[in-house]
Amino acid sequence: VQATAAAMPYNTTKAGEHGAAMGVAPAAGQHVPPPSRLVTGSTLSETQMNDKVGTLAPEGVNAAIAPLDRVRVDSAGQVLTTNQGVRIADNQNSLKAGTRGPVLLEDFILREKITHFDHERIPERIVHARGSAAHGYFEAYEDLSELTMAAPFKHAGKRTPVFVRFSTVQGERGSKDTARDVRGFAVKFYTDDGNWDLVGNNMPVFFIQDAMKFPDLVHAVKPEPHHQMPQAASAHDTFWDFVSLMPESTHMLMWVMSDRAIPRSYATMQGFGVHTYRLVNAEGQSVLVKFHWNPKFGTHSLTWDEAVKISGADPDYHRRDLWERIESGACPEWELGIQVFTEEDAARFSFDILDATKLVPEELVPVRPVGRMVLNRNPDNFFAETEQVAFCVAHVIPGLDFTNDPLLAGRIHSYVDTQITRLGGPNFHEIPINSPIAPVHNNQRDGFHRQAIPRGRVSYEPNSLAGGCPFQAGAAGQGFVSVAARLRNREDSAKVRAKPELFAEHYHQARLFYESQTPAEQAHIAAAFRFELSKVTVPAIRERMLSSLLNASPELAARVAAGLNTPLPEPMPLAIARAPRPEVKRSPALSLMARPGDGSIAGRKVVILAADGVAGESVVTVQAALFEQGAVARISAPRIGPVITADGVELQADVSLENEPGFLFDALVLPDGQEAVERLAHEGHTYEFIRDQYRHCKTILALGAGEQLLRAAGIDATLPSGAMDPGILIDNDAASGAEAFIRALARHRHFERETDPPVV
Ligand code: HDE
């Protein structure tokens, strides 16, 4: 009974964090300086280390630790000062003329404190405002020099530090994590040859083909300007008005209406570079490339009902999940894959690889794994790192280059430009989280918030007064050289505002996506269209959207129309007269089910219900088995704190039925022990736990008397087909029950039980 969650340190690497001394200020005069850990050759953060060691990665794992040391601040054992380093005697009272008299203007300590506070906020990102980030590393599997001279791929085992930010797109900085939305997946590689930012999303295509339409798209999806609603949602008139008038967005709409838009965790979603980029080798030869991040823990999503409920109970659901996975050691990990093809291959494809609304099916060009990325260190400070990080599509290094994708061209401009307002000037590259580990030497000078102090009188090139320094590298010195790419068509040399012909084919890949999904996924897509369009108040918009969907899939359009109680309209006229036949008709790789992951349950959250009189031994057996597999098992009782087991032993409930509702967990265990079961049967929460778990197709284990709760909640372990529900396990023995439970949990969901509408 000792092995309770409370007895196990919540975070083994931060033993002191929840310890007895937590939050108790030392008595006046008792401030104890931190123990000196000065070791010759150690970094500043190591010598000034306090007990919060959980955020220090093992030596050599992340080289960005050292360069940031110069700006790390640790106040343990330090006296309070002003920003000028003047020691503050009293931080409680402003300076007054007598205790009841006016506050004096000369109180520079008060004025400095308030003035700084007044300016604490900076503008949020215009899109992707809400995000969470972590540090880690990328490790190459092999030497890729035949394809690229990019520094991270120089040799097998080479590690490059990274900082990765995940985000939602539509909502504001304080909005919820589980909105139906695209997720940003932005990776900053601090390479030996400068910073490379791969600013991608968790979906491989985009809504529009040309940067010219981006402000329109964003204005349409953002909260409507007259009343600023809805927040973190696309289910409103202006979004559907715009996309129904832009048939090029149909493919992306399929992704956004799929469960991809409500991921279970950042660690269980894919990432994509979206655009076609170039890899360039030392000889200057280039190939075309698409980037893929595939999660080690598999691709898993929430159900819609679950996402809606979570947004109320824990708006920080994904942020917390990312933080806790890293702190508990179940570190998120992805494999980087590349699809490589030549210009000649691309010329034969049925779609244009410069069109960001199209993907390259894996069945056409396989994905080659080239490395892995591990996120193993949480930021020390959200604002300084996660908020101030500036990703820029223009940040590429030798070995990489752009293509003529017209969406990409707009992005190459936009990201640097937006930081100038958001981060207050052109020197945002000097903010520690943005500064490269590669040395920076140029003649750019001045501007707001300049940190570097360039020496000497020369700030121009060529010069003789500084011996010609800094000098240009030239191609031989690994300077960045753009690929001398040839334009493909003669017409391309004319200056036009136009698109290539193939950009007008809008539906083949929308159909490919829909038809490659499993029946459960297709049902979710249809339900999402139904939900979103039912929120649209203008019937003509719904009708126009249905007429576009008809071109992608008559079957889907019919399901959505039935769900909206609307007759099917005529299909929207096609923009292209004769489109080439697509090479691939079905791509199983596009289904979430294609990537179950490593089969482990690491990082999953399980709740074990308890109340006084619970069979303690069986709870501890199940909990220990789950911990062993890297899952987090919490004991939840009507109140937090001690629960007295049937044997009279104390068990600690670390959460309560009220403070962490059941839908926050991936699976549920109903305990044995008649008295506890009777107590739980009197709690309305118990039934909500069971019904939500059932409705969200999760695994439920009922031990011994716990089965009574299942029955009282009206749950039947038989499926409509007559077969037994593989996600409902009933066992009198905790050890064998735990074993079967872990196997069932590794399947994540049991969609065979799902009905629309839900029966429970
Ligand atoms: Fe972005 N995008 N975007 N975007 N985007 C921004 O840059 C923009 C697009 C993406 O965690 C902004 O620093 C234009 C595609 C991510 O900090 C801004 C166009 C993809 C992030 C901007 C696009 C993305 C952003 C806002 C069309 C997937 C968050 C704040 C031409 C490949 C990065 C900022 C982070 C952020 C512009 C389209 C991904 C305004 C003009 C396609 C992950 O510069």
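In which sense do strand β17 and β18 pair, and over how many bridges? They pair in the parallel sense, over 4 bridges. Keep that pair in mind; it comes back in one of the views below, all of which show a predicted model.

**View 1. The whole model, with its confidence values.**
Let's start with how sure the predictor is. The protein chain has a mean pLDDT of 91, and 91% of its residues reach 70 or more. For the complex, the predictor gives an ipTM of 0.98 and a pTM of 0.92. Residues 1–26 are another story: pLDDT stays under 50 there, and the model has 35 contacts beyond four places in sequence for this stretch. Over residues 33–57 the pLDDT is also below 50, with 36 contacts beyond near neighbours in sequence. Where pLDDT is low, the predicted coordinates should not be read in detail.

**View 2. The domains along the protein chain.**
The domain assignment splits the protein chain into domain 1 (33–78), domain 2 (80–119), domain 3 (131–231 + 262–434), domain 4 (503–594) and domain 5 (605–753). Notice that domain 3 is written as two stretches, 131–231 and 262–434. How many Å separate the centres of domain 2 and domain 4? Taken over C-alpha atoms, the separation is 62 Å.

**View 3. The shell around the ligand.**
Zoom in on the ligand and you'll find 25 residues surrounding it. The closest are His128, Gly184, Ala211, Val274 and Gly410. Two or more residues of the shell come from each of β2 (159–168), β3 (183–191), β4 (194–201) and α11 (406–422). Which of these elements gives the most? That's α11, with 6 residues. Sorted by class, the shell holds 13 nonpolar, 9 polar and 3 charged residues.

**View 4. Strand β1 and its two partners.**
Here the focus is β1, residues 131–140. This strand is mostly covered, with 9 of its 10 residues buried. β1 pairs with β2 in the antiparallel sense, over 9 bridges. To find your place in that pairing, look for Gly136, which stands opposite Val162 in β2. Strand β9 (residues 368–377) also runs antiparallel to β1, and 6 bridges join the two. In this second pairing, Tyr137 has Val374 of β9 as its bridge partner. β2 turns up in the ligand view as well, as one of the elements giving two or more residues to the shell.

**View 5. The open sheet that holds the opening pair.**
Back to β17 and β18. They belong to an open sheet of 6 strands in the order β15-β12-β11-β16-β17-β18, with parallel pairing. The edge strands are β15 (655–656) and β18 (728–731), each pairing on one side only. Strand β17 covers residues 699–703. For a landmark between β17 and β18, find Leu703: its bridge partner in β18 is Asp731.

**View 6. Gln270 and its surroundings.**
Gln270 sits in the loop between α6 (250–257) and β5 (271–272). Is Gln270 buried or exposed? Gln270 counts as buried because it has 22 C-beta neighbours inside 10 Å, and 20 or more is the mark for that label. Leaving aside neighbours within four places in sequence, Gln270 is in contact with Asn202, His292, Trp293, Asn294, Pro295 and Thr299. Take Asn294 from that list: it is 24 residues from Gln270 along the chain, yet the C-alpha atoms of the two are separated by 5.0 Å.

**View 7. Two cis peptide bonds.**
One cis peptide bond joins Glu461 and Pro462, with omega about 5 degrees. Pro462 lies in the loop between α11 and α12 (508–515). Another cis peptide bond joins Asp756 and Pro757, again with omega about 5 degrees. Pro757 is in the segment after α20 (734–745).

**View 8. Two residues with positive phi.**
Neither residue here is a glycine: Asp446 has a positive phi of about 65 degrees, and His748 has a phi near 70 degrees. Asp446 is in the loop between α11 and α12, while His748 is found in the segment after α20. Their surroundings can be told apart by counting. Asp446 counts as exposed because it has 10 C-beta neighbours inside 10 Å. His748 has 26 C-beta neighbours inside 10 Å, so this residue counts as buried.

Conventions: Residues numbered from 1 in each chain as written. Predicted model: local features only at pLDDT ≥ 70, side-chain atom pairs only at ≥ 80, totals over all residues. Near = placed C-beta within 6 Å. Nonpolar A, V, L, I, M, F, W, Y, C, P; charged D, E, K, R; others polar. Domains from an automatic or database assignment. Buried ≥ 20, exposed ≤ 12 C-beta atoms within 10 Å, placed from the backbone. Contact = placed C-beta atoms within 7 Å. pLDDT = per-residue confidence, 0-100. Pairing = 2+ DSSP bridges.
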